[in-house]
Amino acid sequence: MQTVDKAVELLGYFSERQPEFGLSELARVAGFDKASTRRLLLALIKHDYIEQNPRTRAYRLGAGVLRLARVRETSIPLEAIITPLLEELVENTGETAHFSLRSGGTISTVGLVETTKSNRIHFVLGEEGSLYATASGIVCLAYSDKRAIDTMLKTGLKAYTDNTITDELRFREMLKVVARRGYHINQEMFEQGVCSVAAPVFNETQAPIGAIAVAAPSSRFGKPAQQTIRVEVQAAANKASRALGAADVENTA
């Protein structure tokens, strides 16, 4: 099982920002030795989940990943559900909208529609973000069970900015508030100058699979903007959840 975990972990390091890795670089990023990393890559190559660039010999995702993604989209058409909602959010708020999926202890941006404004927040599809410092990660954690929260907290709360909550008691209290409200307003907890509002997206079992969010520069994140974005984000997240077979999220906001 540890071997499977490590192989899957390697796949998670590939993103639009870093679509290819050399062996040494991937081993360093993953924290594995080179010999183990190579064995894992060879196993993934055997099943077409990884391939090598014929020119550079760097490793990249293989066709097997695309096949699985298409099977997944056929059975649960997330892209078809989410993309129109993100487009509507950008039109109604004037800011960048994105959808993130939770997978284990990370959250990754898998859907994105950018505003046309020159000063905007940039995201990289496939790149992993913090579960405890991003708005999307926080709303997912708020609706997770106690064991998942405890497991995440065991790794500690590293400060990304001066606004990151690093005290465990304060963090747990924040999650309770988020769960009551049904959304989270994040003001520069993960990156200086970046603010966002996120609401959870649930599947048919009422499990939080991810989040819809709108991000804006702090200079455009006054109270009126926050209110407009919050209303729009919660409405979009509820539409996505209903399309996936879930009930609406109760909130007291």
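Student: Which residue stands opposite Phe21 in E3?
Tutor: Tyr59 in E3 stands opposite Phe21. This is a predicted model, in which local features need pLDDT of at least 70, side-chain atom pairs count only at pLDDT 80 or more, and totals for chains, interfaces and linings use all residues. Residues are numbered from 1 along each chain as its sequence is written, and side-chain values use heavy atoms, with hydrogens and water left out.

Student: What makes E1 and strand E3 a pair?
Tutor: Strands are DSSP runs of E with at least two residues, numbered from the N terminus, and two strands pair if DSSP finds at least two bridges between them. Two bridges join E1 to strand E3 (residues 59-61), so the two strands pair. They run antiparallel.

Student: Why are E1 and E2 called edge strands?
Tutor: The open sheet of three strands has the order E1-E3-E2, with antiparallel pairing. Strand E1 (20-21) and strand E2 (50-52) each pair on one side only.

Student: Which strands stand at the edges of the sheet of six, and why?
Tutor: The order in that open sheet is E6-E5-E4-E9-E8-E7, again with antiparallel pairing. Strand E6 (128-129) and strand E7 (184-187) stand at the edges because each has a single partner strand, leaving one side without a neighbour in the sheet.

Student: How do you know that strand E4 pairs with strand E9?
Tutor: Six bridges join strand E4 (residues 96-103) to strand E9 (residues 208-217), so the pairing rule is met. Thr96 stands opposite Ala215 in E9.

Student: Why is Leu141 called buried?
Tutor: Buried means under 20% relative accessible area (1.4 Å probe, protein chains only). Leu141 has 0%, so the term applies. Leu141 is found in helix H6 (residues 135-142); a helix is a DSSP run of H or I with at least four residues.

Student: What is Leu141 in contact with, beyond its neighbours within four places in sequence?
Tutor: Contact means heavy atoms within 4.5 Å. By that rule Leu141 is in contact with Arg102, Leu131, Tyr132, Ile149, Met152, Phe171 and Leu175. Arg102 is 39 residues from Leu141 in sequence, with 9.5 Å between their C-alpha atoms.

Student: How do you know that the radius of gyration agrees with a compact globule?
Tutor: The radius is taken over C-alpha atoms, and the globule rule is 2.2 Å times the number of residues to the power 0.38. For 253 residues the expected value is near 18 Å, and the protein has 19 Å, which agrees.

Definitions and conventions: Buried means under 20% relative accessible area, exposed over 50%, partly exposed in between (1.4 Å probe, protein chains only).
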